[in-house]
Amino acid sequence: MRPVDELRDRLHAARRRAEIAGARADVLAQARAVVPELPRDADAGHLERAARRLVRRAAQDDFAREGITRIPVPEATGRAELRRADLASDAAFHAVVEDVLSAVEIVPSPLESDDAVALRDARASSDAYGLSPEVASDLASYLLGRAFLLRDEERDLDAYLDRHERQIREDMRSALVRLVRVPLELRSARERHNRIASGLAPEPAGSAHRAGTGAGTAGGAGGTGSGASGVGAAAREALSQGARSAMDHARAEAGRAALGALRSGAGRAFERYGRGDDGGDVRGGEARSAADRARDQRSGGQQSGEHRAAEQTVHDPRSD
């Protein structure tokens, strides 16, 4: 092979690698727009796990939304009581599970990146509990479609999505069965339902995650979930409003005049108190001022003594 041909082949290979890297970066950027928690160096496995996690959380949220009222949950949700109740084998629980699973359909997604973000943030997509299973299913289909583009060994999109749909359904079923067998998770789901149904603010996202319900922001996608409101959000909003009002005041005519007056006053104070007569610092000026005051006191004392002597000379009765 001639050197020119070899150089041409190397350039073509380098250009091809750059195109592939750019395409992968674009795919990851589209996925991270929907799920910001994804790492910047994510691979197809990260996107697949994020899709499964999204739908699993939506199933748990939907159980707290409706399922908790449709099954005969015992008053005491201890481990022994749940074992005796055996909610996982109850017909009402099976109906709840089938209703949730019927809302999930993993198909090739027609969504673009901005469409997926708009769907995630839409008011009809979530409530105080979290994302609906239908929306979570659509977003999971979108993420799996992007993961398929990162799988060089995959060729059939339909077979790829069918395989992951079976896995997602199994994950959802396992998560719901776990909800009615683990005391803390069932208790947390019932407390969430009672709190939101009574009109109180949703519980913080961190406590829900610690309790194991998987309920946080809207499906973990940075949406409008149950942790979106609270004291922290109110404090941030108040701080931002204060900053905006201060900036507006500084930009106004009165604000500029006030800032100019402050700057000129500070400059005069620095010239008066910050420097001495010879350009020294404050400590030198203070030392000279103390010396001047002492010298004035001594000279004033001498003048006072001379004045008193003069008064005695004028008013001495012996001079009469």
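Which pattern does the chain follow, read along the sequence?

**View 1. The whole chain of the predicted model.** Read along the sequence, the pattern is α-α-α-α-α-α-α-α-α-α-α-α. The chain has 12 helices and 0 strands. It holds 320 residues, and 33% of them count as buried. Among contacts with a separation of 6 or more, 69% join residues 24 or more positions apart.

**View 2. Helix α7 and its buried residues.** Helix α7 covers residues 157–179, which is 23 residues. From its first C-alpha to its last, α7 reaches 33 Å. That is close to the 33 Å expected at 1.5 Å a residue. The buried residues of α7 are Y160, L161, H164, E165, I168, D171, M172, A175, L176 and L179. What covers them includes α2, α4 (91–102), α6 (133–150) and α8.

**View 3. Helix α2 packed with helix α7.** The two helices pack at an angle of about 40°. Their axes are 9 Å apart. α2 and α7 are therefore oblique to each other. Their crossing is right-handed. On the α2 side, the contact is made by E48, R52, V55, R56, A59, Q60 and F63. On the α7 side, these residues meet Y160, H164, Q167, I168, D171, M172, A175, L176 and L179. By class, the residues of this contact divide into 9 nonpolar, 3 polar and 4 charged. Several residues of this contact were named in View 2, including Y160, H164 and I168, which are buried residues of α7.

**View 4. Helix α2 packed with helix α8.** Helix α2 spans residues 44–65, and helix α8 spans residues 183–197. Here the packing angle is about 60°, and the axes lie 8 Å apart. α2 and α8 are therefore oblique to each other. The crossing of α2 and α8 is right-handed. From α2, the contact takes in D61, F63, A64 and R65. From α8, it takes in L186, A189, R192 and H193. The classes are 4 nonpolar, 1 polar and 3 charged residues. F63 of α2 appears in this contact, and F63 also takes part in the contact with α7.

**View 5. R190 of helix α8 and its partners.** R190 sits in helix α8. Leaving aside residues up to four places away in sequence, R190 touches I68, V73, P74, E75 and T77. R190 and A64 are 126 residues apart in sequence. In space, they are 6.5 Å apart, C-alpha to C-alpha. A64 belongs to the α2 side of the contact with α8.

**View 6. I68 in the loop between α2 and α3.** Is I68 buried or exposed? I68 counts as buried, because its relative accessibility is 7%. Leaving aside residues up to four places away in sequence, I68 touches F63, V73, L186, R190 and H193. F63, L186 and H193 also take part in the contact of α2 with α8. V73 is touched by R190 as well. I68 and R192 are 124 residues apart in sequence, and 10.0 Å apart in space, C-alpha to C-alpha.

**View 7. D86 in the loop between α3 and α4.** Helix α3 covers 79–85, and D86 lies in the loop that leads on to α4. Phi of D86 is near 50°. This is a positive value in a residue other than glycine. D86 is partly exposed, with a relative accessible area of 37%.

How values were computed:
Residues are numbered from 1 along each chain as its sequence is written. This is a predicted model: local features need pLDDT of at least 70, side-chain atom pairs count only at pLDDT 80 or more; totals for chains, interfaces and linings use all residues. Side-chain values use heavy atoms; hydrogens and water are left out. Axes are lines fitted to C-alpha atoms, for helices over the stretch in contact, and angles run from 0 to 180 degrees between N-to-C directions. Helices (H or I, at least four residues) and strands (E, at least two) are DSSP runs, numbered from the N terminus. Angles under 35 degrees count as roughly parallel, over 145 as roughly antiparallel, 65 to 115 as roughly perpendicular and the rest as oblique. A crossing is left-handed if the near helix is turned anticlockwise from the far one by less than a right angle, and right-handed if clockwise. Contact means heavy atoms within 4.5 Å. Ala, Val, Leu, Ile, Met, Phe, Trp, Tyr, Cys and Pro count as nonpolar, Asp, Glu, Lys and Arg as charged, and the others, Gly among them, as polar. The expected span of a helix is 1.5 Å times one less than its number of residues. Buried means under 20% relative accessible area, exposed over 50%, partly exposed in between (1.4 Å probe, protein chains only).
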